[in-house]
Amino acid sequence: ERVALRLLSLSPHYFYDRDIRSEAERNRRSRQSLVDVLIAPYLNQSVRVLDYGCGPGYMAFAVAQRAEHVYAVDISRGVLACAKVLNGRPNITFSTPTGFGHDAEMVDLAYSFAVIQHLRTELLLGMLGMIADRLRPNGVLLLHFAIPGQEGWRTEADWAADKSIGARIKMRYALNCFGRSADEMETLVSSCGFTHVVVRPLAGSVSVPGDDDILHQHWLTARRASNDS
């Protein structure tokens, strides 16, 4: 556990404070709060779930307490190794997106937190396509995303149009942070086979411990198109 926490602390993406145990506890409490309000209504002991971009696995751990099984997916094998140590449960399978292949069971619910804003549109469409492929007809999709203009978020087009050295370096080498409008998200999600798309702000609907910028962002719900659609 100590080694896993120390490795996670090397990235500002997961922990913000030097007290890594306090940061780990903050992550655990905030993800539990979000699950209790936003995801728990869709869970029961027969539901199989996909967590796309699970990171250290705090949300997957909270979800797994109320679900049959959670497939926790992340592109980083390093963070998956840490997640297994910190948040492993018998009913959680940690893997990379390529490891979550066509031989895996279909899922009833898929969600993603703090991931979409870091993906260029091409990668986001690929992610949505993979989720659509593994989600049962009428299965639920839950997505968290940031709106342009709030908290300084800029669109992908704005970043691409900025030819300053700093912006070009950030686009190429740093963690991208893109805002997307509700209309854009609805269009992208609908194009990948989802229906009943609804977007709402998270502000006022949830509260989490600490200074978590998720509360300033937005929440999308949708359903995988049924075979009859």
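**Why these labels?**

Guide: Asp183, Thr187 and Ser191 are exposed, on the other side of H8 from the buried residues Met185, Leu188 and Val189. The model is predicted: local features need pLDDT of at least 70, side-chain atom pairs count only at pLDDT 80 or more, and totals for chains, interfaces and linings use all residues. Residues are numbered from 1 along each chain as its sequence is written, and side-chain values use heavy atoms, with hydrogens and water left out.

Visitor: What puts Met185, Leu188 and Val189 on the same side of H8?

Guide: These buried residues belong to helix H8, residues 182-191. They cover an arc of only 95° around the axis, so they share one side of H8. The arc is taken from the directions from the helix axis to the C-beta atoms. Helices (H or I, at least four residues) and strands (E, at least two) are DSSP runs, numbered from the N terminus.

Visitor: What covers the buried residues of H8?

Guide: The cover includes helix H5 (121-134) and strands S5 (135-145), S6 (194-201) and S7 (218-224).

Visitor: Why is arginine 48 called buried?

Guide: Buried means under 20% relative accessible area, exposed over 50%, and partly exposed in between (1.4 Å probe, protein chains only). Arginine 48 has 10%, so it counts as buried. It sits in strand S1, residues 48-52. Beyond neighbours within four places in sequence, its contacts (heavy atoms within 4.5 Å) include Glu68, Tyr71 and Glu105.

Visitor: How do you know that leucine 10 is exposed?

Guide: Its relative accessible area is 67%, and the cut-off is over 50%, so leucine 10 is exposed. Leucine 10 lies in the loop between helix H1 (2-9) and helix H2 (20-39).

Visitor: What makes the pair aspartate 36 and arginine 66 a salt bridge?

Guide: A salt bridge needs a side-chain nitrogen of Lys or Arg within 4 Å of a carboxyl oxygen of Asp or Glu. Here N to O is 2.6 Å, so the pair qualifies. Aspartate 36 is in helix H2 and arginine 66 in the loop between helix H3 (58-64) and strand S2 (69-73), so the pair ties together parts that are 30 residues apart in sequence.

Visitor: Why is arginine 180 called buried, and what is its salt bridge partner?

Guide: Arginine 180 has a relative accessible area of 3%, which is under 20%, so it is buried. Its partner is glutamate 184, at 3.7 Å from N to O. Glutamate 184 is at 30%, between the cut-offs, so it is partly exposed. Elsewhere, shared partners join the salt bridges of Arg48, Glu68 and Glu105 into one network.
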